[in-house]
Structures are given as structure tokens and as C-alpha cells.
Amino acid sequence: MAVSPEPVAPTALTFEELAVAKVRVPAYVVHREFAHETVMLNLRTGKYHGLNPSGGVMLEALDKAATVASAVGEIARRYGTPAEEIEQDVYEFCVDMLKRSLIELDDASG
Amino acid sequence: MPPAETAAQRQSVGVEAHAGPPRRYRAFGLTWSSTFPLPLVETTSDAEPDVMLRLCEDVDALWSGNPRTPDWRFRIDGRRFVVQRGWAGDFRLAQQEGVRFHLDRAATLIACEPAVVSDPASQRLLLDTVLWTTTLLHGLEGLHASAVQTASGAVAFLAGSGGGKTSIAFELVRRGYPLVCDDVLILERRGGGFVAHPSPPLMNLPAAMPVQGVEVDPIARIGDESWVSVAHVATRQPSGLAHLFLLDRAPGLGGRIVAMEPTALDLLRHAQVHAFADAWELRRFELCSDLALRVPLSRIEADVDAAPSEIADLVERALTGAEAA
């Protein structure tokens, strides 16, 4: 029988742990991108959440990338900014989204 | 596939001895048949009815019962209206201290208490709330809105209760735009867009509202409203949904129309998806998202005391500009 690992509280994650993880939007969360906002709906809670354009870009990059670290690289390229300058923003974004159950983490290292 | 009315169904709803031959009507994108008269224009179409309306003395005897499910509640005419789903998937619809209805699991047979024949308020409840909630179970979607037909398609006005939806629609009807609906706009997805289906050609007008210049047939005075038929000035044809206007009225607001770049959140409180439909929350999100992305939405800013004619002027100018563009 498969045993699920103990869930890790988002605030207990270090960036190093997060960097190697794969971010996934769970099946119970739907989202659509609009001109100036991405709107997410958590179907389990019925709550709506709005992301500003930066948040929308981060979500898109995280959803597509194999790891959070590679998403950081992609976002940095997109904005023409050194990755080190946006790592903290991406980390805080992920922690916030995890707290709201709008994303999940997979261990990309296998 | 159209429903077949079985002898058992006829017996189960206790059809009245006085019931006449079925009459057929078109409204909300569906064909309805009833054995009792309704203030609607009959359709000449031979299409089989999607939903049949029958009279029944004891509506509650038909309901399979289920006190555990959460109700779908809202207020109509100041009274609570409750939709409940039974064990068998059927529905009981009841107005607080008022008329009751039963809807079968397939949403093809509405049993109505006889009050719908003799009491105008009960009949209005049937032709408004009961019909549109039933329509939502047939896969169509809705918006709490009034709408008129223009050269470019249906134009809808969104607002909360008392926000002026009816007044602006009636003013535009006065100017020659056929009415699509007064209160609930039923939509069908087609070809990547939305088709607006006309409601029954009925309106609830403030009793004090002047109706000169519009051919209306009064049906009844209900509270401080006149329930009227506007069959002569309403469209019977579905049309593409061309534009949405959000009415935003507040003291001191100057009259202007502002094009919006909406999100689903702007439309959420106006969307109508049946509360017992499968995945209703997801469907409501998708409805609002698709409307926001595919249909132009503008905000009408106007003072609370602005006359409907002033708002209609703004709308006509906006529509003319849109067509010119």
C-alpha cells in the first residue's frame, strides 16, 4: 500500500527544498487569464482568488516548468532580471499559493 | 429526445377534468405545453414539447422527499422561494406560504397547483422563476438581466434588484427595440459565442411607470407592480449576444459609458446556473469567464435619479459608435 508522505507546512519549506519541487495546479482548482488579472477558483472551498499580472506570469511559468528553479530561470529571462533578484518573490508566491491550496508540490527528484 | 407523456404520468399528476387540449409555447429556448391557459402567444411549431405543464391538486404527494439536502433559496416578491431535490432526483419548488410545484427528475413535467390558473401572482411565479429554473436543468445558462434586440444582436443590462434593468429595457422598447427579456436572459453556447433566447413576452413594470407609446396588455396588478404582456413588442427569435452593460448607479455619478476589460468576477453575481446542476460552481465560473472574454462589457455610470431616457440615450450612442467602429 502506498503511503503518502507527511504534508509539509508551506512555511517550513526552505527555498532549497522548494527549488527542486515541481509545482502543479490541482484538479480541483480552475483558472482563467484575463487582460489584467488571472482568476482562480478552488472548487473545494468555493473561494475565488485574483492574481495580478506578475502572479499570473509566475503561475504560468511554475505550471509549465519541471522545477521551481527552472521556473525562476524562465521568469528571469522573461523580465530580463537576474534570477537571484526574483527567487524570493517566487518563493513567497509559492508559499502563499500553497497556504491557499491553489497549488501542490511534487518531488521532481523522483 | 422529446418526452413521451405516459398514462401513468397523466394519472400521477391528477390532470383536472377541466383541462383543455395542450397549448404550445416557445420561451427560454424550449417548447412548453400546458393543459391550462397562460397569457402567452401559442407557437405554430409542430415541435414536440420539451416540458409539459399540468395541474395537480396535491403536488407534495409527487415529491420523493429528502429533508437532508441543502435547499436552493432565494427571495421573490419579498417571499422566500425554495427549490429542494428529492431522493429520486425530482424537485419540489415552493413559495413561502404560497404556491407549490413539482418537477420530475428529467425536468420534463411540471406539476402545478391549481392556483396558477386563478391567482396572477402564482401564474407569474410559474412563468418567471419556475420556467427559468427548469430551463437551467436543460443545459442552458442564464444571466440576471434584461435585454433588447438590436441590429447587431441582443444587448443585455445587468444590475441587482431595483437597479433599473426593467426601466432601461422598457425605454428601449419604446424606441423600437424588441424585448428579449425583462429579468432573466437565457443563453445557449453556439459557435464559440452565445445565443440569447427570448423569455415569455412579459414584464413587471412599476405601477406608476407611464406606458404611453408601447403596446402593452395589462394582466394584473401585483403589489406595486403591473404585470403586463408585451407580446406585440417582443422578439420571438433567438439572436447572438452582442453586448453586456453593467448598470452602476450612485448619487452624483455623471452619465457616461465606460468600456471594461472584465474578468469572471465582474459577472459572478449575475450568472444563473441551477444550484443542483452537476458541477454548478465550475459551470458558473466557465460561464462568467467565457462571457468576460467573448462578449463586450461596458459599465453605465449614472446618477440614481437619472431618467431611463438619459441612460437609453447613452446606450444608443454607444451602440452606434460600436457599429461604426
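These legends walk you through four close-up views of a predicted model.

**View 1. How confident the prediction is along chain A.**
A good place to start is the confidence of the model itself. Chain A has an average pLDDT of 89, and 86% of its residues score at least 70. The beginning of the chain is another matter: over residues 1-5 of chain A, pLDDT stays under 50. For this stretch the model has 0 contacts beyond four places in sequence.

**View 2. Where chain A meets chain B.**
Here you can look at the two chains together. On one side are 12 residues of chain A, in contact with 9 residues of chain B. Which elements of chain A give two or more residues to the side that touches chain B? They are strand E2 (29-33), strand E3 (38-42) and strand E4 (47-51) of chain A. Sorted by class, this side of chain A has 7 nonpolar residues, 3 polar ones and 2 charged ones.

**View 3. Two packed helices in chain A.**
Next come helix H3 (residues 68-79) and helix H4 (residues 83-99) of chain A, which pack at an angle of about 125°. Their axes are 9 Å apart. Why is H3(A) described as oblique to H4(A)? Because the angle between them is about 125°, and angles from over 115 up to 145 degrees fall in the oblique class. The crossing of H3(A) past H4(A) is right-handed. To find the contact, look on H3(A) for Val68(A), Ala71(A), Val72(A), Gly73(A), Ile75(A) and Ala76(A). Their partners on H4(A) are Ala83(A), Ile86(A), Glu87(A), Val90(A) and Cys94(A). By class, the contact of the two helices has 9 nonpolar residues, with 1 polar and 1 charged.

**View 4. The two domains of chain B.**
The last view moves to chain B, which is divided into domain 1 (7-136) and domain 2 (141-324). The C-alpha centres of these two domains of chain B lie 25 Å apart. Their contact takes 20 residues from domain 1 and 26 residues from domain 2 of chain B. On the domain 1 side, strand E1 (23-27), strand E5 (79-85) and helix H3 (120-136) of chain B each supply at least two residues. Which element gives the largest share of that side? H3(B) does, with 9 residues. The residues on the side of domain 1 that touches domain 2 of chain B divide into 12 nonpolar, 3 polar and 5 charged.

Key
Residues are numbered from 1 along each chain as its sequence is written. Chains are lettered from A and ligands numbered from 1 in the order in which they are written. This is a predicted model: local features need pLDDT of at least 70, side-chain atom pairs count only at pLDDT 80 or more; totals for chains, interfaces and linings use all residues. Two residues are in contact if their C-beta atoms, placed from the backbone, lie within 7 Å. Helices (H or I, at least four residues) and strands (E, at least two) are DSSP runs, numbered from the N terminus. Ala, Val, Leu, Ile, Met, Phe, Trp, Tyr, Cys and Pro count as nonpolar, Asp, Glu, Lys and Arg as charged, and the others, Gly among them, as polar. Axes are lines fitted to C-alpha atoms, for helices over the stretch in contact, and angles run from 0 to 180 degrees between N-to-C directions. Angles under 35 degrees count as roughly parallel, over 145 as roughly antiparallel, 65 to 115 as roughly perpendicular and the rest as oblique. A crossing is left-handed if the near helix is turned anticlockwise from the far one by less than a right angle, and right-handed if clockwise. Domain bounds come from an automatic or database domain assignment. pLDDT is the predictor's confidence in each residue, from 0 to 100.
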